Amino acid sequence: MRYKESLTTVFMKQIDSIRNQEKLRETKAILTVITHMMVVPLFLAFWICDFLYVPDMKWEFLIVRSMVVPLSLYTRFQFKKILSFYDAQLLALFYISGLALIIYYMVYRIGDWSTPYYAGLNLITIVSISFIPWTWRFFFASIGTIFLPYFFGAIFLNQNNNISHTVVLNIFFISGTIVISIFLRILSERLRRKEVESRQLLREEIISRGKIIDEKTNEALKLTELSRQFSPQVVEAIRTNQVLLTDSVHRSNICAIFVDIVNSTERVSRIDKDKVTRVISHFMMDSARVLLKYDITIDKFLGDGLLAFSNDPVSYPDYIERVLRAAIEIRERVSLDQEFYEVNWLKPLEIRIGIATGFANVGFYGNRRYFHSYTAIGPVINLASRLCGVASPGQILVPHDLVDVLKSNPEFQFEFIGKKSLKGFESDVIQVFEMITTAETRSLDNMGILDCPKCSQVMHIDKNDTGFFVLRCRNCGHSLDQNLLLKNIAEKSKVS
């Protein structure tokens, strides 16, 4: 409760401070208009009345009326120096007192308090009271400065020693002017307060929106930077708060894949570095696009190879099948691009692949200040790497436990190639199988790799609510349903 009250108090203080600044600017603006465009021409224009009512004093009154010029010039000079609303009110009070003094001099010289010259006091009141945003203290001080001398003169300085009906009528109109001025003061103050509050709320809204825009911009920049460091699945998980940069490492059942270029060290030492760069970049780009198509998380690039794993941070019931299909498609793409590789690699490019499934510790590793990576660590990663190392060119090797998981799936065929003793697994005998490509395992390859038409990101294979395959963009959510995919497959078949 006290917290809410303190917030309210702070807000009201801000409102008062802003309102005083607004009033200072408003007072200066009004004095600028009055001292230049209103009062001076008005005072001098009324000299015409002097010809009609007091022709014998017209030249004297012209001199008196001309005093408004130095008064206005002095006021304009002074208010340029004023920095507070209080001082601005003092100066405004001084100015209207000088205007009233000019009128009182002429009334006194005429000697008749029933003269219509008193109307000039009403004009001063309307101009000053209606427009200048006085505080109540200065408001009543200005009313008193303008009208109290008239009441005193009408009662005590009247030459006839009695109050005429005209004087009574003048006092009645003056009282009406005062009452109207008070109501105008109340109304204008309410309007000003509402306006200031609205402006303050608008400022706070603009500041708040600015902060939100800055936060979103920083978030977008952060995600853009993250997208260069992490696989898109990880970036999406961070964006949707499924994964936090501060999260600890967790245990996850994954399927890991190692892809390696055969004899790359020998090739690198024999061919031009530009060609090496061209080949490695082309191979990595093709492989990465295939992995992203199957929504497999890319862990890291290893110079001439790469490591990836499925089922984290995005989970799929067919996460193992996705890795196997991706491995086949990567191999097929390398085979289709042999003309490019022979020109730049100076021989056919050969790859080998190792795949394993099991539990690993997955999460952000490294120092957040200098290096941070979303990676998987565990025996399953080492096993995939060792299988890749013993694979022959073009082979995709998997262990027995992976084959056992998929034994009821006729889509995948495996051939036992023997028992291996692998580095790091010397105490275990690993039964190694080679995956055999069949027509069924290539069925989804025909979808091709499509870039999102809206944001140009690689679209990944997903399933819609009815269980049919679709291609969906992880960045913007755009998807292509099965009918469009079938159409795309048919068009590709015709071209083939």
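What is the mean pLDDT of the chain, and what share of its residues reach 70 or more? In this predicted model, the mean is 79, and 78% of the residues reach that level. With that in mind, here are some views to explore.

**View 1. The whole chain, built from 16 helices and 11 strands.** Welcome to the full chain of 496 residues, of which 46% count as buried. Its accessible surface comes to about 27000 Å², and 59% of that area belongs to carbon and sulfur atoms. Take the contacts between residues at least 6 apart in sequence: 68% of them join residues at least 24 apart.

**View 2. Where confidence is highest and where it is lowest in the chain.** Strand S6 (residues 396–399) holds the highest confidence, at 96. Helix H16 (residues 482–495) has the lowest, at a mean of 56. Look also at residues 1–5, where pLDDT stays under 50. For this stretch the model has 0 contacts beyond four places in sequence. A word of caution while you look: where pLDDT is low, the predicted coordinates should not be read in detail.

**View 3. A nonpolar patch on the surface, about 490 Å² in area.** Five names to find here are Trp 136, Phe 140, Val 179, Phe 183 and Ile 186, which together make the patch. Helix H7 (136–156) and helix H8 (165–229) each supply at least two of the patch residues. Which helix gives the most? That is H8, with 3 residues. Phe 183 is found in helix H8, and Phe 183 counts as exposed because its relative accessibility is 58%, with the cut-off for exposed set at over 50%.

**View 4. Asn 409, a residue in a loop.** Follow the chain from helix H15 (400–405) towards strand S7 (413–420), and you will meet Asn 409 in the loop between them. Is Asn 409 buried or exposed? Asn 409 has a relative accessibility of 18%, so it counts as buried, a label that applies under 20%. A polar atom of the Asn 409 side chain lies 3.0 Å from the backbone nitrogen of Glu 411.

**View 5. Asp 274 and Lys 273, partners in a salt bridge.** The closest N and O atoms of this pair are 3.4 Å apart. How open is each partner to its surroundings? Asp 274 is partly exposed, with a relative accessible area of 40%, whereas Lys 273 is exposed, with 60%. The count for the model comes to 13 salt bridges, and this pair is one of them.

**View 6. Asp 404 and Lys 407, whose side chains meet in a salt bridge.** Here the distance from N to O is 3.5 Å. Asp 404 has a relative accessible area of 38% and is therefore partly exposed, which means between 20% and 50%. Lys 407, at 66%, is exposed.

**View 7. A salt-bridge network of Asp 318, Arg 322, Arg 325 and Glu 411.** Salt bridges that share partners join these four residues into one network. One of its links is the bridge between Arg 325 and Asp 318, with the closest N and O atoms 4.0 Å apart. Are Arg 325 and Asp 318 buried or exposed? Both are buried. Glu 411 may look familiar from View 4, where its backbone nitrogen lies 3.0 Å from a polar side-chain atom of Asn 409.

How values were computed:
Residues are numbered from 1 along each chain as its sequence is written. This is a predicted model: local features need pLDDT of at least 70, side-chain atom pairs count only at pLDDT 80 or more; totals for chains, interfaces and linings use all residues. Side-chain values use heavy atoms; hydrogens and water are left out. Patches are made of residues with over 30% relative accessible area and no salt bridge: like charges are joined within 9 Å, nonpolar side chains (Val, Leu, Ile, Met, Phe, Trp, Tyr) within 5 Å. Accessible areas come from the Shrake-Rupley method with a 1.4 Å probe; for residues, only the protein chains shown count as cover. Helices (H or I, at least four residues) and strands (E, at least two) are DSSP runs, numbered from the N terminus. Buried means under 20% relative accessible area, exposed over 50%, partly exposed in between (1.4 Å probe, protein chains only). A polar contact is a pair of N or O atoms within 3.5 Å; within protein, one must be able to donate a hydrogen and the other to accept it, and residues adjacent in sequence count only if both atoms are side-chain atoms. Contact means heavy atoms within 4.5 Å. pLDDT is the predictor's confidence in each residue, from 0 to 100.
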